[in-house]
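Please look over the structure shown below before reading on. The briefing after it begins with one working definition and then moves from the whole chain to single residues.

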Amino acid sequence: MEFLRRMGLAHAFFAPDAGATVLADDPEPASSAPDAGEDKGGPKPGGTDAAKPSVPGWMNMLPDDLKTDADLARYDSIGSYVKAMKARDAEGPKDDGKDKPEPVKYDGNFAAKLDDVDDPFGNIGGLLKGEMEKRGIPQKDAEALVKAIGAEMEKKRSMLQSDDGRRWRDGTLAKLWGDHAAERTADARRAFAALGDADGSLRKALDSTNTSVNPVFWEAMSRLGSLLRDDGAAYSGETGGRSRQRDPYRPVEYPR
């Protein structure tokens, strides 16, 4: 107990009840008591000490700057204070709405939009604008963001038309067609040649929409090209790993 008292912990373990008076750690020796007539430091009538509010006894163990704290004085014991703090932490922070952005409304001059290839119906751009309006993003910043996204999408399209994009296409078709990859590729090229593209406009359109590197496009062209082979045989449902089946709706071309 003497150890706790000297370490200043005796008060924490033996806090007095509400309103109780806490004795000083070391009572002043009698020899140091003030003589009669001296100022004993007590409250003076009409003085500032008389106006001090009463506080619970447990607050006497707090630092001087907290001993008269009005918020702490609402708790009659240190236990009630701890319980109140734990209950507040359990509830979590309250959303008072102060951090919510103020929505804005863009005018009709919002010119930024995504390319028709990336957003043919405009619903993606509309979604972006609506979300940025709800978040209070200024119109000039919102337009700059839409333009940046559009530029990035165009950059990705250009990458697909590079050697990297073509390698990705060929690798995907090789997995799809297996051992028949060379044959199926020849069929696809045969079909494309039959379409005719003297001015290159069709190939340009296919490239601009990334269709020319789309494996599905090459699968469709391959199936068409298989119908244009020199032997004249017609097949349906042909894929790389399955046996060929004759199309029952096309007459067999017998040799002459």
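Helices here are DSSP runs of H or I with at least four residues, numbered from the N terminus. With that in mind, arginine 223 and glutamate 219 can be placed in helix H9, where they stand 4 residues apart and are therefore separated by about one helical turn. The model is a predicted one, and the points below are grouped by topic.

**The chain as a whole**

- The chain contains 9 helices and 2 strands, and when it is read along the sequence the order of these elements is α-α-α-α-α-α-α-α-α-β-β.
- The chain has 256 residues, and 20% of them count as buried.
- If one takes the contacts between residues at least 6 apart in sequence, 53% of these contacts join residues that are at least 24 apart.
- The accessible surface of the chain is about 18,900 Å², and carbon and sulfur atoms account for 56% of that surface.

**How helices H7 and H9 meet**

- Two packed helices are described by the angle between their axes and by the distance between those axes.
- Helix H7 covers residues 181-195, and its axis comes within 7 Å of the axis of H9, with a crossing angle of roughly 80°.
- Because angles of 65 to 115 degrees count as roughly perpendicular, H7 and H9 are described as roughly perpendicular to each other.
- On the H7 side, the residues that meet H9 include Arg184, Asp187, Arg190 and Leu195, while the H9 residues that they meet include Glu219, Met221, Arg223 and Leu224.

**Salt bridges**

- Side chains of opposite charge can pair when their charged atoms come close.
- A search of the whole structure finds 14 salt bridges, and three of them are described in the points that follow.
- In helix H9, the side chains of arginine 223 and glutamate 219 form a salt bridge with an N to O distance of 2.8 Å; arginine 223 is partly exposed, at a relative accessible area of 43%, whereas glutamate 219 counts as buried, at 11% relative accessibility.
- Salt bridges that share partners also join Glu183, Asp187, Arg190 and Arg229 into one network.
- Within that network, the side chains of arginine 190 and aspartate 187 meet in a salt bridge at 2.6 Å, N to O, and both residues lie in helix H7, 3 residues apart, which is about one turn of the helix.
- Arginine 190 is partly exposed, with a relative accessible area of 31%, whereas its partner aspartate 187 is buried, with a relative accessible area of 2%.
- Aspartate 116 forms a salt bridge with lysine 113, and the closest N and O atoms of this pair are 3.7 Å apart; lysine 113 is exposed, with a relative accessible area of 60%.

**Single residues to look at**

- Which residues does aspartate 187 contact, once its neighbours within four places in sequence are left aside? They are Met221, Ser222, Gly225, Ser226 and Arg229.
- Asparagine 210 has a positive phi of about 65° although it is not a glycine. Asparagine 210 sits in the loop between helix H8 (201-208) and H9, and at 14% relative accessibility this asparagine 210 counts as buried.
- Isoleucine 149 belongs to helix H5, which covers residues 139-160, and it is partly exposed, with a relative accessible area of 26%.
- Apart from its neighbours within four places in sequence, isoleucine 149 is in contact with Leu114 and Leu128.
- The C-alpha atoms of isoleucine 149 and lysine 113 are separated by 9.4 Å, although the two residues are 36 residues apart along the chain.

**A nonpolar patch on the surface**

- Leu195, Leu202, Leu224 and Leu228 make a nonpolar surface patch of about 300 Å².
- Among these residues, leucine 228 lies in the loop between helix H9 (215-226) and strand E1 (235-236).
- Where does leucine 228 stand on the scale of accessibility? At 38% relative accessibility, leucine 228 counts as partly exposed, because that label covers values between the cut-offs of 20% for buried and 50% for exposed.

Methods. Residues numbered from 1 in each chain as written. Predicted model: local features only at pLDDT ≥ 70, side-chain atom pairs only at ≥ 80, totals over all residues. Heavy atoms only, no water. Buried < 20%, exposed > 50% of the residue type's maximum accessible area, 1.4 Å probe, protein only. Contact = heavy atoms within 4.5 Å. Areas by Shrake-Rupley, 256 points an atom, 1.4 Å probe, with all protein chains shown as cover. Patch = residues over 30% accessible without salt bridge, like charges linked within 9 Å, V, L, I, M, F, W, Y side chains within 5 Å. Salt bridge = Lys/Arg side-chain N within 4 Å of Asp/Glu carboxyl O. Axes fitted to C-alpha atoms, helices over the stretch in contact; angles between N-to-C directions. Parallel < 35°, antiparallel > 145°, perpendicular 65-115°, else oblique.
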